[in-house]
Amino acid sequence: MSLRQDWRRARAIAWKDLTAERRSKAGFNSVVALAVTILVMFGFALGPDGQAIRDAAPGAIWLAVLFAGVLAFNRSYQVELDGGALEQLILYPGTRRAIFAGKLLANFAFVALMLAIVIAVGIVLFQVTIPSAWPALVGIVACGAIGLVTLGTFYAAMASRSRAREVLLPLLLFPMLVPVLLAAIQATKALLGGNVMGDAGAWARLLVAFDVVFLVATFLAFEFVIEV
Amino acid sequence: MTHVAHSPSVTLPRTNRLSIFGWFAFLFLIACQGIAIAISPPDRDMGDLQKIMYVHVPAAWMTMLAPLTVLVFALRYLWKRREEDDLLAAAAAEVAVAFAGLTLVLGMLWARPTWGVWWTWDARLTSTLVLFLILAGYLALRALVDDREQRAQWSAAVGVLGAINVPIVYMSVRWWRTIHQIQSSPSTVDHAYVIGLRLNAFAFLFVMIYLIRARYEASLIERAAEHESEAIALGRGRGTAHE
Amino acid sequence: MNSNWMFVGAAFTVTWAVIVGYLIHVRRTLARARTSLDLATRAGAR
């Protein structure tokens, strides 16, 4: 199967997922509302002292996106599950990797948009000062999102089709996300603090390395997960 | 008329040989622990607390070895699709969880008198905790998936990814923190303790092998029972035709 | 220094508790499996 065909297939699936999402506005809006709510809850748990809350900002933002994101990941398979379309989708000629790629793209768009909103709210609530190196910050957030979406989409392929999917996805996903989360949060923290220790670069490089490893691993493993 | 078992290639295990090995493993462990405690002098800094090393370090080593076992059998399953490999991987994961939990508790029992706190977020303890959670997730997956083929294949994928994540987690947590003393590895351990440590490491290894094997054989019998019930449920012409 | 022996003792106790405990778990699983195999076999041979 040619790469171009795969890419077209992936785009088609991503587009299908995103339009289904757009039509059900309730989906995106409620998940984002949940993320913001979680962020506020963190504010109550960790605030109101200024310094404590500023230190906690990166962690709170990423966790809020993570907790709300698991709902999005499970739901990204919901459409096919409801209509029994998953078996049909696999039957189409072409690699299952295109399915994975398509879902990755759709989920990434979803999470990226959610991150933008949550970060905006976080900057306000947690008294964050935007650093001059904010383009680098955008890069780090993007890389963190890639890692999050890669593993989330992969494990949701199984969790969404099991019993107790709301419990199973976090249980499987969270421990696996430790490296990505640590790198993303530490890099964010370093940048927000003006990168005094200079370790933002090291964490960023680690984050990219993690993304590559997990992208490759999940692409290889997805075959086994979707065919059964 | 004797019935024919429908279970495929599942031979009922000969528990006698296994039991003998089990007895040997346990007695050997007791002996090694006794020897180690008897011949080791109190450490300069830690005093008698040093003795914990003879259970904590081997437990930690087994905690690293067991996921490796899961990885190997998970890969074999994905390659050959033999059910035995899936059952072995699952048995190894269960034993791994037990050893991971043990390592954590022993780590805490060491940390408290040494640093005054029950938990330090240092690289090794934390990585072990994450490994514990990864394994727990693996077992939860198996518990929540009923379709046998799905369960085996998904477990294998999750097992492989989980196993390769272990060194990655360790690396990232180490970047994050560094407090844990380096005295646990034999290269930096005082000569007086190395023998006791190696002996106990082997003893733990034997015990772990025995436990995995025992759990695996229990799984085999479970499978045989499942096969029988299924065969009956599907109606074995012979039995009913005799009425 | 004497209190350290408490921790050492606790450590060895926990170790054996976990090992023996897991062993008991395995044997119980084995017994349950054997019983269900027995029942299933007998039901089939009827």
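How many residues does the contact take from chain B and from chain C? Let's find out, keeping in mind that this is a predicted model.

**Before you start**

The predictor gives the whole complex an ipTM of 0.90 and a pTM of 0.89. Colour chain C by pLDDT: its average is 87, and 93% of its residues score at least 70. As a reading tip, coordinates should not be read in detail where pLDDT is low.

**Stop 1: chain B against chain C**

Select chains B and C together. Here is the answer to the opening question: 30 residues of chain B and 27 residues of chain C make up the contact. Now highlight three helices of chain B: α2 (53–80), α3 (83–115) and α6 (191–233) each bring at least two residues to the side that touches chain C. Of the elements of chain B, α6(B) gives the most to this side, with 13 residues. Try colouring this side of chain B by residue class, and you will find 18 nonpolar, 5 polar and 7 charged residues.

**Stop 2: chain B against chain A**

Next, hide chain C and show chain A beside chain B. This contact draws 27 residues from chain B and 22 residues from chain A. Which helices of chain B each supply at least two residues of the side that touches chain A? Select α4 (123–144) and α5 (148–176) of chain B to see them. On this side, α5(B) gives the most, with 18 residues. Keep the class colours on: the side of chain B that touches chain A has 20 nonpolar, 6 polar and 1 charged residues.

Conventions
Residues numbered from 1 in each chain as written. Chains lettered and ligands numbered in written order. Predicted model: local features only at pLDDT ≥ 70, side-chain atom pairs only at ≥ 80, totals over all residues. Contact = placed C-beta atoms within 7 Å. Helix = DSSP H or I, 4+ residues; strand = E, 2+ residues; numbered from the N terminus. Nonpolar A, V, L, I, M, F, W, Y, C, P; charged D, E, K, R; others polar. pLDDT = per-residue confidence, 0-100.
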